[in-house]
Amino acid sequence: MKVCVVGASGKLGRYMVGHALERGYEVVGVCRPESVGKLDDLRDRIEIVSGRTDDREVIKRAVAGCDGVLVVLVPRGVHGYSTGTAQAVLDHAEPGARLVFSCGWHISLDGKDVYSRKLRAQVKIFGPVARLLRFADLDDQVEATRRIFASDTRWTVVRGSDLEEGESQGLPVWSRHVGDPILESNLTRRTDFALFMVDALTNDELVHEAPAIVGRLSPSALAHAGAPAA
Ligand SMILES: NC(=O)c1ccc[n+]([C@@H]2O[C@H](COP(=O)([O-])OP(=O)(O)OC[C@H]3O[C@@H](n4cnc5c(N)ncnc54)[C@H](OP(=O)(O)O)[C@@H]3O)[C@@H](O)[C@H]2O)c1
């Protein structure tokens, strides 16, 4: 299996590269030219494509021949970086390739998520402030995922809870909807977010799903394990 990791030099990207290599996959990593040095220790084990992840020619070259593409969707800057990245992958991935994108809980596939007051406030305050500072544009990630949801590719959009570092606890549990009690702890190890993304490549049950995930050893996961997904 050959997979491309778009955004390989970030924290989530590096974990995904690690999990993919552990599974014996051939890995192509795309990262911004200024970040190539962050992958020096992996230079002998993966193919590195240097370039902006929203550069269509860069993505076209990187995803050629790949069975799966793992994409870190980051809404950084205010120039549609996330949307450009997603569109380039949707347009250039091999027909039938598995496409797995990352984002946060604030993204909704069907509008049936129930958000806490805290999360609503965070989005309401962080969104405009980040945009004003030209640091990030949450609407960019919304538009990116809107295009993914509308596409007829074999996509999965993995929605991460708050993240923490630490040893793996194993594959996170998931639900279709934020607000499901199983997700209440709202915390996942970053390495396990990456594990879920890599595992989704070979899990056809997740095609056209937007699983919201939480750590499998978090209190809410332990309390509600075995309960049907909302
Ligand atoms: N942080 C959280 O608590 C959280 C919670 C839920 C979901 N998520 C999701 O998890 C994924 C990874 O997020 P993360 O916070 O853990 O970050 P991360 O893995 O460290 O990734 C940050 C990414 O952003 C890129 N980046 C940094 N500055 C940039 C810029 N100015 N322009 C374009 N790209 C830039 C980095 O590339 P370089 O290596 O080139 O700098 C890197 O690929 C995202 O999809 C996010 O929506 C995060």
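# Notebook: helix contacts, ligand shell and selected residues

**Entry 1. Helices α1 and α6.** I noted to begin with that α1 passes α6 in a right-handed crossing. The model I am reading is a predicted one. I located α1 at residues 11–22 and α6 at residues 190–200. Their axes lie 8 Å apart, and the two helices pack at an angle of about 55°. Because angles under 35 degrees count as roughly parallel and 65 to 115 as roughly perpendicular, I recorded α1 and α6 as oblique to each other.

I then looked up the residues that make this contact. From α1 I listed K11, L12, Y15, M16, H19 and A20. On the side of α6 they meet R190, T191, F193, A194, L195, M197 and V198. Sorted by class, the contact of α1 with α6 holds nine nonpolar, two polar and two charged residues.

**Entry 2. The ligand shell.** I asked how many residues surround the ligand. I found 23, and the closest are S9, G10, L12, S35 and G160. L12 is thus an entry in two of my lists, since I had also noted L12 among the residues of α1 that meet α6. I next asked which elements supply at least two residues each to the shell. Helix α1, strand β5 (98–104) and strand β7 (162–164) each do so. By class, I recorded eight nonpolar, nine polar and six charged residues in the shell around the ligand.

**Entry 3. Helices α2 and α3.** I placed α2 at residues 56–63 and α3 at residues 81–92. The packing angle is about 45°, and the axes are 9 Å apart. I therefore entered α2 and α3 as oblique to each other. Their crossing is right-handed. In the contact, R56, I59, K60 and V63 of α2 meet A88, V89 and H92 of α3. I divided the residues of this contact into four nonpolar, one polar and two charged.

**Entry 4. Helices α3 and α5.** I followed α3 to a further partner, α5, at residues 138–150. Here the angle is about 20°, with the axes 7 Å apart. That makes α3 roughly parallel to α5, because the cut-off for this term is an angle under 35 degrees. Helix α3 passes α5 in a right-handed crossing. The residues of α3 in the contact are Y81, S82, T83, A86, Q87 and L90. Those of α5 are D140, Q141, E143, A144, R147 and I148. I counted the classes in the contact of α3 with α5 as five nonpolar, four polar and three charged.

**Entry 5. V69.** I asked whether V69 is buried or exposed. V69 is buried, because 27 other C-beta atoms lie within 10 Å and 20 or more suffice for that term. The residue lies in strand β4, residues 68–72. Leaving aside residues up to four places away in sequence, V69 touches V3, C4, V6, V63, V89, A93, A97 and L99. Two of these names, V63 and V89, I had already entered for the contact of α2 with α3. V69 and A97 are 28 residues apart in sequence, yet their C-alpha atoms are 7.3 Å apart in space.

**Entry 6. D113.** I found D113 in the loop between β5 and α4 (117–132). With 22 other C-beta atoms within 10 Å, D113 is buried. Its contacts are S108, H177, V178 and G179, not counting residues up to four places away in sequence. I also looked up D113 against T156: they are 43 residues apart in sequence, and 17 Å apart in space from C-alpha to C-alpha.

**Entry 7. Positive phi values.** Most residues other than glycine have a negative phi. I therefore looked up residues that depart from this pattern. N186 has a phi near 50°, a positive value in a residue other than glycine. I placed N186 in the loop between β8 (173–175) and β9 (187–189). N186 counts as partly exposed, because 19 C-beta neighbours lie inside 10 Å and the term buried needs 20 or more.

H208 also has a positive phi, near 65°, and is likewise a residue other than glycine. I found H208 in the loop between α6 and β10 (212–214). With 16 C-beta neighbours inside 10 Å, H208 counts as partly exposed.

Definitions and conventions. Residues numbered from 1 in each chain as written. Predicted model: local features only at pLDDT ≥ 70, side-chain atom pairs only at ≥ 80, totals over all residues. Axes fitted to C-alpha atoms, helices over the stretch in contact; angles between N-to-C directions. Helix = DSSP H or I, 4+ residues; strand = E, 2+ residues; numbered from the N terminus. Parallel < 35°, antiparallel > 145°, perpendicular 65-115°, else oblique. Left-handed = near helix turned anticlockwise from the far one by under 90°. Contact = placed C-beta atoms within 7 Å. Nonpolar A, V, L, I, M, F, W, Y, C, P; charged D, E, K, R; others polar. Near = placed C-beta within 6 Å. Buried ≥ 20, exposed ≤ 12 C-beta atoms within 10 Å, placed from the backbone.
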